[in-house]
Amino acid sequence: MPDICVIGGTRYFGKVLVQKLLDDGHRVTLVNRGQTPDPFGDTVRRLRADVNVPGELTAAVAGERFDAVVHQMCYTPNAAVEACEAFGDRVGKIVMTSTIEVYNKDTFRWRFPAPPFGARAREEELDPADYDFDTDLPWSAPGYLDTHYGEGKRQAEAALTRCAKAPVLLARVAHVLAAEGDFTGRLLFHVDRIRAGKPIVAHAGPGRTSLVQAEEAAGFLAWAAFSDATGAVNVASPDTADVYDVCAAVESATGLAADVIEKEDPSGDLDLSPFSCPFDFGMASERAADLGYRFTPIEQWLPAVARNAVADRPGSHPSEEQ
């Protein structure tokens, strides 16, 4: 029975991942701070460590051996370097949950100009083996990581790629939507405004972006942990969506019309859709398909996700109240 370590695993689609691994018959060890309750009872082992505190992960996993590690909390090169040192050669593979934001050209700070990414970026357009990382940057300073999220992930990828003694896969995950529970709040943003008859602001001629269903993102991580695949892999549905596609799914679920207002410069507007992009910002998913993992097109799962979000959301449209 394979033994897999999940760093994190108590929130968002990390919980979906852990349940998937348990359903597949794996032994699962969770490593986290122990501050967030999880639903797994005695079906998992638990080790306590804050991966942002130097030395805690190393102490927590001392002497442990795992067939694979899925690192859900690797946001900085410092966390990546410690993971490499903590597990050493006592792990069969390391899978890091990365993000579409590594391709966001507006977030580059230490390499100018940003690589010339296509509208649907491909993995080879950002090679972590060629990217620098700096553990002396103030990653632990208040607010620093929030401001430099994309850069932190790029440098974490680079550090893992160079320092790990085991094969590494970097899962660059698109914007995630969940069939049960909208943990990001992005879809509920649209549900609430459409139900209340409030406007939804978009960029003028909004671009398209990449989405992925939480269950498929988790399924990919579970698959990646035991596959032969290495390097960066985009985790995204093969098609893209824009704010109008998201609104259309909610309109269908509610029977109400969305009021979308396009603005040339909506920066700072509280009604700006989190799925509105000033330009096309997506990822190609052909590499995942070539490796043997195919994602479902957005058009086949978004309507059901919207229906679930509407059904689970308390409250109703004012006109429906008695």
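**Loops, a buried strand and a helix pair**

Colleague: Gly-205 sits in the loop that links β9 (199-203) and β10 (211-213). In this predicted model, is Gly-205 buried or exposed?

Modeller: The relative accessible area of Gly-205 comes out at 52%. The cut-off for exposed is over 50%, so Gly-205 counts as exposed.

Colleague: And what distance separates the C-alpha atoms of Gly-205 and Lys-153?

Modeller: Along the chain, Gly-205 and Lys-153 are 52 residues apart. In space, their C-alpha atoms have a separation of 29 Å.

Colleague: Let's try another loop. Glu-64 lies between α2 (56-60) and β4; is Glu-64 buried or exposed?

Modeller: Leaving aside residues up to four places away in sequence, Glu-64 touches Arg-45, Leu-47 and Arg-90. The relative accessible area of Glu-64 is 18%. Buried means under 20%, so Glu-64 is buried.

Colleague: On to strand β1, residues 3-7. How many residues of β1 are buried?

Modeller: Go through the two faces: Asp-3, Cys-5 and Ile-7 point one way, Ile-4 and Val-6 point the other way, and all are buried. The strand is therefore largely enclosed by the rest of the structure. The count of buried residues in β1 is five of the five.

Colleague: Which residue in β2 is the bridge partner of Ile-7?

Modeller: β1 and β2 (residues 27-32) run parallel and are joined by five bridges. In β2, Ile-7 has as its bridge partner Val-31.

Colleague: What handedness does the β-α-β crossover from β1 to β2 have?

Modeller: Between the two strands the chain passes through helix α1, residues 12-23. The crossover from β1 over α1 to β2 is right-handed.

Colleague: β1 also pairs with β4. Which residue in β4 stands opposite Ile-4?

Modeller: β4 covers residues 68-71, and its pairing with β1 is parallel, over four bridges. Opposite Ile-4 in β4 stands Ala-68.

Colleague: How are α3 and α5 oriented relative to each other?

Modeller: The axes of α3 (residues 77-87) and α5 (residues 149-163) come within 7 Å and cross at roughly 25°. Angles under 35 degrees are the cut-off here, so α3 and α5 are roughly parallel.

Colleague: Which α3 residues meet α5?

Modeller: α3 passes α5 in a right-handed crossing. On the α5 side, the residues met are Gly-152, Gln-155, Ala-156, Ala-159, Leu-160 and Cys-163. From α3 come Pro-77, Ala-80, Val-81 and Cys-84.

Key:
Residues numbered from 1 in each chain as written. Predicted model: local features only at pLDDT ≥ 70, side-chain atom pairs only at ≥ 80, totals over all residues. Heavy atoms only, no water. Buried < 20%, exposed > 50% of the residue type's maximum accessible area, 1.4 Å probe, protein only. Pairing = 2+ DSSP bridges. Right-handed = clockwise from strand over helix to strand, strands pointing away. Axes fitted to C-alpha atoms, helices over the stretch in contact; angles between N-to-C directions. Parallel < 35°, antiparallel > 145°, perpendicular 65-115°, else oblique. Left-handed = near helix turned anticlockwise from the far one by under 90°. Contact = heavy atoms within 4.5 Å.
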